[in-house]
Amino acid sequence: MRMISENLAFGGVQGVYAHASQATGCDMTFGLYLPPAAEAGPVPLLWFLAGLSCTHENAMVKAGAQAFAARAGLALCFPDTSPRGPGVADDAAYDLGQGAGFYLNATEAPWAAHYRMWDYLAEELPRIVTANFAVDEERQSVCGHSMGGHGALTLAMRLPGRYRSVSAFAPIAQPSRSDWGRKQFAAYLGPDESRWLAHDASYLMQTEGFAGEVLIDQGTADPYLDLLRPEALAGAMASRRQPGSFRLQAGYDHSYFFVASFIAEHIAFHAKALG
């Protein structure tokens with residue numbers, strides 16, 4: 001692992017680090033914010049997964065999360081959204097290839113060689129972060145935006161006991177029934193649609209649910225509502241009687257202005273769950 005940058009922020013340190021990944025077979029970059037409380041010992045860890053076309057930097061710079069994390073005593077990890085590099089398969093479209101890893105393990109050529117973001121986020125990066133920084137391996141939660149909301153929800157429901165809480169901003173809620181999902185699942189996972197359901201948050205909510213609290217925020221002025229399909233996830237939560245909240249925020253869109261408007265509430269939600 002090598003340090004790319006470290007900056008003092010709200011009494012803590014916002015770092016950016018790179019390392020060679022065994023999971024993806026290429027170099028990966030992530031951001032990690034350590035609050036002032038980390039100087040005294042390990043602190044709880046909140047993961048923030050970003051959306052389509054993003055890198056580790058988008059939420060790190062635009063969400064405004066560090067000030068609230070510093071007060072709550074939480075570390076924040078901002079992973080990248082896909083493998084990258086000259087030898088990594090890509091596509092000219094913004095919603096496939098580099099920047100659009102969809103937090104899964106690809107099984108189809110040419111993607112399978114590097115696109116193993118599930119293994120990277122479920123296993124490899126947590127080992128690296130907990131081994132090298134003052135974070136508490138036993139107290140973790142996860143949050144995400146758009147494609148990252150899809151990733152946060154699917155990780156939380158498929159890894160029971162890993163996360164104390166999960167939240168999402170405008171998640172891709174039913175990718176197996178949306179053009180933000182069907183295109184990518186067909187490319188990464190092949191034509192057998194039954195294999196796609198392990199990465200569909202609405203299906204997982206119906207069949208698995210989450211043992212802790214769930215918080216979802218969705219803007220009513222989001223131009224991508226037909227692609228996100230929030231009604232499917234809201235219906236699944238209601239049907240399962242899942243503890244948590246699904247909030248429609250009047251007039252908000254899909255941007256990081258929306259995320260920044262409610263990030264303080266999400267961090268407080270996770271801080272309560274993490275103790």
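Which residues are buried in helix 8 (residues 230-240)? The points below take up this helix and then some other features of the model, which is a predicted one.

1. In helix 8 the buried residues are Pro 230, Ala 232, Leu 233, Ala 236 and Met 237. Viewed down the helix axis, these buried residues fall within an arc of 165°, so they line one face of helix 8. The face turned away from that buried side carries Glu 231 and Ala 238, both of them exposed.

2. As for what this buried side meets, the buried residues of helix 8 pack against helix 4 (147-158), helix 6 (201-207), strand 8 (213-219), helix 7 (225-228) and strand 9 (244-249). Just after helix 8 comes Arg 241, which takes a positive phi of about 60°.

3. The largest nonpolar core has 91 residues, and those with the most contacts inside it are Phe 30, Leu 32, Phe 48, Leu 125, Val 129, Leu 153 and Tyr 188. For Phe 48, leaving aside residues up to four places away in sequence, the residues touched include Ala 59, Cys 77, Phe 78, Pro 79, Cys 143 and Gly 144, and also among them are His 145, Phe 169, Tyr 256, Val 259 and Ile 263.

4. Why is Cys 26 not in a disulfide? A disulfide requires two cysteine sulfur atoms within 2.5 Å, whereas the sulfur of Cys 26 is 16 Å from the closest cysteine sulfur, that of Cys 77, which is too far for a bond. Cys 77 is likewise in no disulfide, the nearest cysteine sulfur being that of Cys 143, 13 Å away. The count for the model comes to 0 disulfides. Both cysteines count as buried, Cys 26 at 12% relative accessibility and Cys 77 at 0%.

5. Two residues other than glycine deserve a look for their backbone angles. Phe 10, in the loop between strand 1 (2-9) and strand 2 (12-20), has a positive phi of about 55° although it is not a glycine; Phe 10 is exposed, with a relative accessible area of 55%. Tyr 103, found in the loop between strand 5 and helix 3, has a phi near 55°, again a positive value in a residue other than glycine, but Tyr 103 counts as buried, at 1% relative accessibility.

6. Where is the cis peptide bond that joins Ala 109 and Pro 110? Pro 110 lies in the loop between strand 5 (75-79) and helix 3 (117-132), and the bond joining Ala 109 to Pro 110 is cis, with omega about 0°.

Methods:
Residues are numbered from 1 along each chain as its sequence is written. This is a predicted model: local features need pLDDT of at least 70, side-chain atom pairs count only at pLDDT 80 or more; totals for chains, interfaces and linings use all residues. Side-chain values use heavy atoms; hydrogens and water are left out. Buried means under 20% relative accessible area, exposed over 50%, partly exposed in between (1.4 Å probe, protein chains only). A nonpolar core is a set of buried Ala, Val, Leu, Ile, Met, Phe, Trp, Tyr and Cys residues joined through side-chain atoms within 4.5 Å. Contact means heavy atoms within 4.5 Å. Helices (H or I, at least four residues) and strands (E, at least two) are DSSP runs, numbered from the N terminus. The arc is that of the directions from the helix axis to the C-beta atoms.
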